[in-house]
Amino acid sequence: MLEELEKLQLQAFAELESAVDSRELEQWRICYLGKKSRLTQVLRSLSTLPLDERRNTGARANTIKKSLENALEERGHSLETSRLVLSLENKRVDITLPGYPMPIGRSHPTTQTIEEICQVFQKMGFQVFEGPDVEWDYYNFEALNIPADHPARDMFATFWIDSNRGKRNRLLRTHTSPMQIRVMEHTPPPIRIIVPGRCYRYEATDTTHESMFYQVEGLAVDKNITMADLKGTLFDFCRCIFGEERKVRFRCDYFPFVEPGVEIAIECLACHGNGCRICGYSGWIEILGAGMVNPDVLRRVGIDPEVYSGFAFGLGVERVPMLRYGIDDIRLFYNNDIRFLRQF
Ligand code: FA5
């Protein structure tokens, strides 16, 4: 029996060496150390042996059992270590490889345009101010000579926010002109400001109209300001932004808070003035409304119109890149299609 045990041990060691994963190790354990293994059978049958043989065989069988258990544990460790080394080798990071480039964001084309517009006016001596998107009826309409029921309210389809005892009083500003009042209330002339900001109109959108868009308001109040100052400032601006060659149209318009009122339009880039879908077949795209500040508006904020005069304008920001790059639909700006935005 002892001879058999020695053979068994040699065979077990040889097989253990060829086991390559935990599944094969477990099979080996069942075969050589399991309940039905030959070694367990020998240990169980010791009591049937004569005393002498029992002692020798028992001692040897136990030693073999111990050495098989140790060998199993060692082989387990060594297989685990090789598995770990292999997996580390496979997943090794080569720190000398160049990293993945991080996509870098950029300013929205509207933001870029606002910055450029502000720079042009800042060079002429205008200061930049900002104001609230949520406005009172008073600033958006009343103080600008547009009392309730004035037909000019139809020009500014309004998103109302709340009302007080049936009287609507808070809204999303429909233009940046309320900032004329807010600034003049607190600043004595001379005033030269521009105000970039969002405006909202409750109207159907089309290629040149959005329900949310940006304007840049301008206001200059001082002694002896005339229509010539307004025209000179705005023509200079148009030349800076659109170049010397581009045709600029200057003609009368009506806004209750200026007198006289004008509008400036730029020749459509897409059709060179011949008329197309973008310009509504007129050949021109209107970019701003302007005029001399109405004396009633000056009086309302405590500025004497006999001493001071001023001009104001409100410029549609998105129309500038549309005219420059031939963008045929204003709605592209806020659809957030990255393929469009990436071009600027
Ligand atoms: C006004 O908003 C006046 N507050 C402008 C003004 C200021 C006049 C100071 C006199 C003195 P108007 O509604 O025309 O005016 O808008 C001015 C410009 O904003 C337009 O020329 C156009 O370029 C742009 N604009 C107007 N409505 C929209 C719209 N729905 N979507 C995109 N741009 C618009």
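**Exercise 1.** In which loop does Asn224 lie?

*Solution.* This is a predicted model, in which local features need pLDDT of at least 70 and side-chain atom pairs count only at pLDDT 80 or more, while totals for chains, interfaces and linings use all residues. Residues are numbered from 1 along each chain as its sequence is written, and side-chain values use heavy atoms, with hydrogens and water left out.

Step 1. Helices (H or I, at least four residues) and strands (E, at least two) are DSSP runs, numbered from the N terminus.

Step 2. Asn224 belongs to the loop between strand E6 (212-222) and helix H8 (227-242).

Step 3. Although Asn224 is not a glycine, its phi is positive, about 60°.

Step 4. Buried means under 20% relative accessible area, exposed over 50%, and partly exposed in between (1.4 Å probe, protein chains only). Asn224 has a relative accessible area of 68% and is therefore exposed.

**Exercise 2.** Determine whether Asp149 is buried or exposed.

*Solution.* Step 1. Locate the residue: Asp149 is in the loop between helix H6 (137-140) and strand E3 (160-164).

Step 2. Asp149, which is not a glycine, has a positive phi of about 70°.

Step 3. The relative accessibility of Asp149 is 77%, so this residue counts as exposed.

**Exercise 3.** Compare the expected span of helix H4 with the distance between its end C-alpha atoms.

*Solution.* Step 1. The expected span of a helix is 1.5 Å times one less than its number of residues.

Step 2. Helix H4 (residues 51-90) has 40 residues and should therefore span 58 Å.

Step 3. The end C-alpha atoms of H4 are 58 Å apart, which agrees.

Step 4. Among the buried residues of H4 are Ala61, Ile64, Leu68, Ala71, Leu72, Arg75 and Leu79. An α-helix has 3.6 residues a turn, so residues three or four places apart point the same way.

**Exercise 4.** Identify the residues closest to the ligand and describe three of the contacts.

*Solution.* Step 1. The ligand is surrounded by 26 residues (a heavy atom within 4 Å). The closest are His175, Ser177, Arg201, Glu203 and Glu286.

Step 2. A polar contact is a pair of N or O atoms within 3.5 Å. A polar side-chain atom of Ser177 is 2.8 Å from a nitrogen atom of the ligand.

Step 3. A side-chain N or O atom of Arg201 lies 2.8 Å from an oxygen atom of the ligand.

Step 4. For Ile287, a backbone N or O atom is 3.1 Å from a ligand oxygen atom.

Definitions and conventions. A polar contact is a pair of N or O atoms within 3.5 Å; within protein, one must be able to donate a hydrogen and the other to accept it, and residues adjacent in sequence count only if both atoms are side-chain atoms.
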